[in-house]
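Biologist: Could you take a close look at one long helix of this model and at the side chains around its start? Please then follow the contacts outward, with the geometry that supports each statement.

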Amino acid sequence: GVSTSASLRPASDTSVVMSTFSPVDYVVFILLLVLSLAIGLYHAFRGWGRHTVGQLLMADRKMGCLPVALSLLATFQSAVAILGVPSEIYRFGTQYWFLGCSYFLGLLIPAHIFIPIFYRLHLTSAYEYLELRFNKTVRVCGTVTFIFQMVIYMGVVLYAPSLALNAVTGFDLWLSVLTLGIVCTVYTALGGLKAVIWTDVFQTLVMFLGQLAVIIVGSAKVGSLWHVWAVASQHGRISGIELDPDPFVRHTFWTLAFGGVFMMLSLYGVNQAQVQRYLSSRTEKAAVLSCYAVFPCQQVVLGMGCLIGLVMFAYYQRFPMSTQQSQAAPDQFVLYFVMDLLKDLPGLPGLFVACLFSGSLSTISSAFNSLATVTMEDLIRPWFPQFSEARAIMLSRSLAFGYGLLCLGMAYVSSQMGPVLQAAISIFGMVGGPLLGLFCLGIFFPCANPPGAIVGLLAGLIMAFWIGIGSIVTSMGSGVAPSPPNGSSFSLPSNLTAATVTTLMSSTTLSKPTGLQRLYSLSYMWYSAHNSTTVIVVGLTISLLTGGMRGRPLKPGTIYPVLPKLLAFLPLSYQKRLSCRSYSQDLPVDTDLFPEKMANGVLRDSKDKEVVALDGWAQQGSSPTFVLQETSL
């Protein structure tokens, strides 16, 4: 946390020397906006008049794995991360790189658990699962929580990089906010998910090129990458493996590698923006492959962010910071460094700014599209199922436009929030954990029931806000910030740019906290794990107290058979003794809940396509059951 005691204002001190854009830089930056808009409009006007809601919201479920993978990567690779990760490495060393260890389980679990369940249920919104597993009330609670999370976050994501850019370059603050917001709203609303995915692909390449240019030019100016590494090692910026198990230590191997798994699951497992991309894949196999493909891409992105931080450190050991640079907010370090490094190379500063704004565009467009989808599918269609296709398309586009205007409004609110803004950006992380816990409660625990799910979600949200807000208030009260690695002292300005990387750059206090202060010092990397566990524990307790799912049939495909999967590794004799079949699951089913046809042990949809094979019927009490075999869709 950092001190944010004053109101936010754009940089206006004329005594501060600002870098300026050359005409070539402006051309490069404008090209990004024009090409992004062109891609969106191409998909909007291609087949105009023949579009369906499925094409608009789900890209007609015909996307390949590579564009989906790059879109998955771009969705949460925001400008805040592009600015924050190098600054984190510059100030604290390479310990943060061990977050990459969490990517393995954080992507493997969604690929083999969440994606198959969501894909086989043929969902449009992830929160449809909550109605299938629990009831409509739980679905609405999950949807409203997600909308609250994204609405708060998207205004900050739009405003934060614009303010940082204004502070360093003098780039007009509200011109950049309006330009980004309008361009993003137009191509998202008109082009739908397909336009968003293909613009994400383009913007991912721009982000890659912009960061690569900084690494190449920076390492050349200080000597070489080997020299960068040597300087960083000499000054203790190459971190070893810190095995301290204390969850209150900000960054350790366990905190990053295992706490990070829950953070990754909340993003890549159950977040609608990502689930929607999985479900747009042409096959389940393509969806799983796209999740696999994100893994090396994430490692490359994390590695590039770390390298920029090390190059920046070596550069400032050779060329000391100016006064205004040493007094800058942490997330302004990178922009000052880039403008200083690339000032003699026309076009490259524009490329990096395009890289920065690509991060914002990809995140905001994903937010618009996912918000329009959940609003349409979870809050409107269930109450007005007789909408015509044309009216549904018009409403979907109107929702995307409406969320675009709301985003611009939230950007303005962000500019007026002052110290409250630090809490606003932290809300994104606070809400992700309880939503993950809600889905895990439904997927892994057959006894969990609707009352348990609702009470568990509320308990998780209360715990998340209690610890999260308490941590922010405590850190704001202490106002302690670490010294920069080059030894010069500086103060953190009380503005948004100091707050945007709160989750990356929590400062340390001089005295060891006790009591509630100790609880508030829990590492932010454990927030998702702690909050999701709260949902599961409270949800299971309430479910058991209220009778579990007794007398309530479970819908097929909504439960992941954890025990059979684990026992599959045992010898067959032990499996028989434990009455457990390795690749099947006995589930009670209410056949009245499904309009599909049953024939010869095969469940078929309205188009007579096989949905899932049914292996045998058995009568247990008054509830019919069947064995659900894993099968190709």
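Modeller: The answer below begins with the helix itself and then moves to its neighbours, the aromatic rings and a few single residues.

The model is predicted, and every value quoted here is computed from it. The helix to examine is H7, which covers residues 136-169. Its length can be tested against ideal geometry: at 1.5 Å a residue, the 34 residues should span 50 Å, and the end C-alpha atoms are 50 Å apart, so expectation and model agree. H7 is mostly covered, since 28 of its 34 residues are buried; the cut-off for that word is under 20% relative accessible area.

Both ends of the helix carry a local feature. At the N-terminal end, Asn135 acts as a cap, with a side-chain oxygen 3.2 Å from the backbone nitrogen of Thr137. Just after H7, Gly170 adopts a positive phi of about 80°. At residue 136, where H7 begins, the charged end of Lys136 sits over the ring of Trp383, at 5.0 Å from the ring centre. Another charge over a ring is that of Arg250, whose charged end lies 4.6 Å from the centre of the Phe92 ring.

Arg139, which falls within the range of H7, is one of the residues touched by Glu377. Glu377 belongs to helix H15 (residues 348-380). With a relative accessible area of 12%, Glu377 is buried. Leaving aside residues up to four places away in sequence, its contacts are Val53, Leu57, Thr124, Ser125, Glu128, Arg139 and Pro382. The side chain of Glu377 also makes a polar contact of 3.2 Å with the side chain of Arg381. Glu377 and Leu123 are 254 residues apart in sequence, yet their C-alpha atoms are 9.8 Å apart in space. Cys355, also within the residue range of H15, is buried at 0% relative accessible area.

Beyond these helices, the structure holds 23 aromatic pairs. One of them joins Phe444 and Tyr560 edge-to-face, with 6.2 Å between the centres and 80° between the planes. Phe444 lies in helix H17 (residues 421-444) and Tyr560 in the loop between H21 (527-545) and H22 (562-567), so this pair ties together parts that are 116 residues apart in sequence. The two partners fall into separate accessibility classes: Phe444 counts as partly exposed at 22%, whereas Tyr560 counts as buried at 18%. Cys440, within the range of H17, is buried with a relative accessible area of 10%. A search of the whole structure finds zero disulfides.

Ring pairs also link Tyr90, Phe313, Tyr315, Tyr316, Phe319, Phe333 and Phe337 into a cluster. Among these, Phe313, Tyr315 and Tyr316 fall within the range of helix H12 (residues 284-318). Lys285 is placed in H12 as well, and at 64% relative accessibility it counts as exposed. The C-alpha atoms of Lys285 and Pro116 are separated by 9.0 Å, although these residues are 169 apart along the chain.

A last long-range contact involves His251, in the loop between helix H9 (225-234) and helix H10 (253-268). His251 is buried, with a relative accessible area of 9%, and its side chain is joined to that of Tyr524 by a polar contact of 2.8 Å.

Conventions
Residues numbered from 1 in each chain as written. Predicted model: local features only at pLDDT ≥ 70, side-chain atom pairs only at ≥ 80, totals over all residues. Heavy atoms only, no water. Phe/Tyr/Trp six-rings, centres within 6.5 Å; stacked < 30°, edge-to-face > 60°. Helix = DSSP H or I, 4+ residues; strand = E, 2+ residues; numbered from the N terminus. Buried < 20%, exposed > 50% of the residue type's maximum accessible area, 1.4 Å probe, protein only. Lys NZ or Arg CZ within 6 Å of the ring centre and 35° of its normal. Expected span 1.5 Å × (residues − 1). Polar contact = N/O pair within 3.5 Å; in protein donor to acceptor, adjacent residues only side chain to side chain. Contact = heavy atoms within 4.5 Å. Disulfide = S-S within 2.5 Å.
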